[in-house]
Amino acid sequence: MAFECPHLDQIHDVSPNTPEGCEECLATGDEWVHLRMCLSCGHVGCCDSSKNRHATKHAGATEHVIVQSFRPGESWRYCYADDAIV
Ligand SMILES: [Zn+2]
Ligand SMILES: [Zn+2]
Ligand SMILES: [Zn+2]
């Protein structure tokens, strides 16, 4: 329990912008494997197992580094900057 992510203040009380799936993939008709939701703005993007990796691209473009799993029954949070579950 020594590790403490310094980015947790990025987390806001958000709701998913596109609860039906990855925002960019929905726009282009692409498919995804799993989804992650940005906890700063509610962007829903596809995970790194998906070919487009929109969640990672969103984090890189916006510096929103905290995401939460958007799979039913999963609630883990991940910090891109620290590469850690937070
Ligand atoms: Zn962090
Ligand atoms: Zn996507
Ligand atoms: Zn975001």
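Colleague: What spacing do the donors of the zinc ion (ligand 1) follow along the chain?

Modeller: The spacing is C-x1-H-x71-C-x2-D. The model is predicted, with local features needing pLDDT of at least 70 and side-chain atom pairs counting only at pLDDT 80 or more, while totals for chains, interfaces and linings use all residues. Residues are numbered from 1 along each chain as its sequence is written, chains are lettered from A and ligands numbered from 1 in the order in which they are written, and side-chain values use heavy atoms, leaving out hydrogens and water.

Colleague: What makes a residue a donor of the zinc ion (ligand 1), and which residues coordinate it?

Modeller: Donors are N, O and S atoms within 2.8 Å of the metal (3.2 Å for Na, K and Ca); water is not among the atoms, so sites may look incomplete. Cys5 (SG), His7 (ND1), Cys79 (SG) and Asp82 (OD) lie at 1.9 to 2.3 Å, so they count as donors.

Colleague: Why is the arrangement around the zinc ion (ligand 2) called tetrahedral?

Modeller: Four donors count as tetrahedral if all angles lie between 85 and 135 degrees; four are square planar and six octahedral if opposite donors are over 155 degrees apart and all others between 65 and 115, and anything else is irregular. The 4 donor atoms here subtend angles of 102 to 118°, so the arrangement is tetrahedral. Those donors are Cys22 (SG), Cys25 (SG), Cys46 (SG) and His54 (ND1), 2.0 to 2.3 Å from the ion. Cys25 in helix α1 (residues 23-28) and Cys46 in strand β2 are 21 residues apart, a pair that links distant parts of the chain. Helices (H or I, at least four residues) and strands (E, at least two) are DSSP runs, numbered from the N terminus.

Colleague: Is Cys79 buried or exposed, and what is Asp82?

Modeller: Buried means under 20% relative accessible area, exposed over 50%, partly exposed in between (1.4 Å probe, protein chains only). Cys79 has 0% relative accessibility and therefore counts as buried. Asp82, with 27%, is therefore partly exposed. Cys25 is also at 0%, so it counts as buried.

Colleague: How do you know that β4 and β5 pair?

Modeller: Two strands pair if DSSP finds at least two bridges between them. Strand β4 (residues 77-79) and β5 share 2 bridges, in the antiparallel sense, so the condition is met. The bridge partner of Cys79 in β5 is Ala84.

Colleague: Which strands stand at the edges of the sheet, and why?

Modeller: The open antiparallel sheet has 5 strands in the order β2-β1-β3-β4-β5. β2 (44-46) and β5 (84-85) each have a single partner strand, so one side of each is left without a neighbour in the sheet.
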